[in-house]
Amino acid sequence: MNKTRHPNVRTGNDPVIDEANKVIITPKTISRRALVKAALVAGGLVPIAGLFRQSVAYGDSPPLDPGEQTARSLNYVTKSTKADAYCGNCSQYQGKAGDAMGPCAIFPGKSVAAAGWCSGWAKKLPA
Ligand code: SF4
């Protein structure tokens, strides 16, 4: 490909004419203003994306069915029989305090009952 500099342009950041294809190739430069604008737009989208992620995690996760195979394999129940061991005080529980249901790291995409329990229970350590 035979490329020559456009005769009217003197700087190093100049367009190039491809003689074989008669196409002017202009180097793309990003202005500081465009960069700042893009950063502001991206910075504004991050919290919005977080809202969607949180709504999926808390609001849209269907409850874990104790009859599902993975739940049965870990003996999951929606009401713990142990007074001091339940999902709400398990290290795997990701729900907010006071919520009846919340996500669990062991059962991704599902909500477990805060009052529930399974054999994966491990006491949540104080923060
Ligand atoms: S690991 Fe078991 S006990 Fe712990 S939160 Fe998940 S379902 Fe509940």
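**Close-up views of the predicted model**

**View 1. The ligand and the residues around it.** In this predicted model, the ligand is surrounded by 13 residues, and the closest are Cys87, Cys90, Gln92, Cys104 and Cys118. Sort that shell by residue type and you get 10 nonpolar and 3 polar residues, with no charged ones.

**View 2. The S4–S5 hairpin.** Here we look at strand S4, residues 101–104, next to strand S5, residues 107–113. The two strands run antiparallel and are joined by 4 bridges. One pairing to pick out is Met101, whose bridge partner in S5 is Ala113. Getting from S4 to S5 takes a hairpin of 2 residues.

**View 3. The largest nonpolar core.** This core has 16 residues, and the members touching the most others are Cys87, Cys104, Val112, Ala113, Ala114 and Trp117. Both S4 and S5 feed into this core, each supplying at least two residues.

**View 4. Zooming in on Cys87.** Which residues is Cys87 in contact with, once its neighbours within four places in sequence are left aside? The list runs Tyr93, Cys104, Val112, Ala113, Ala114, Ala115, Gly116 and Trp117. Cys87 also turns up among the residues closest to the ligand, and it belongs to the largest nonpolar core.

**View 5. Stepping back to the whole chain.** The protein has 2 helices and 5 strands, laid out along the sequence as β-β-β-α-α-β-β. Of its 127 residues, 19% count as buried. Take the contacts between residues at least 6 apart in sequence, and 52% of them join residues at least 24 apart.

Key
Residues are numbered from 1 along each chain as its sequence is written. This is a predicted model: local features need pLDDT of at least 70, side-chain atom pairs count only at pLDDT 80 or more; totals for chains, interfaces and linings use all residues. A residue is near a molecule or strand if its C-beta atom, placed from the backbone, lies within 6 Å of it. Ala, Val, Leu, Ile, Met, Phe, Trp, Tyr, Cys and Pro count as nonpolar, Asp, Glu, Lys and Arg as charged, and the others, Gly among them, as polar. Two strands pair if DSSP finds at least two bridges between them. A nonpolar core is a set of buried Ala, Val, Leu, Ile, Met, Phe, Trp, Tyr and Cys residues joined through C-beta atoms within 7 Å. A residue is buried if 20 or more other C-beta atoms lie within 10 Å of its own, exposed if 12 or fewer, and partly exposed in between; C-beta atoms are placed from the backbone. Two residues are in contact if their C-beta atoms, placed from the backbone, lie within 7 Å.
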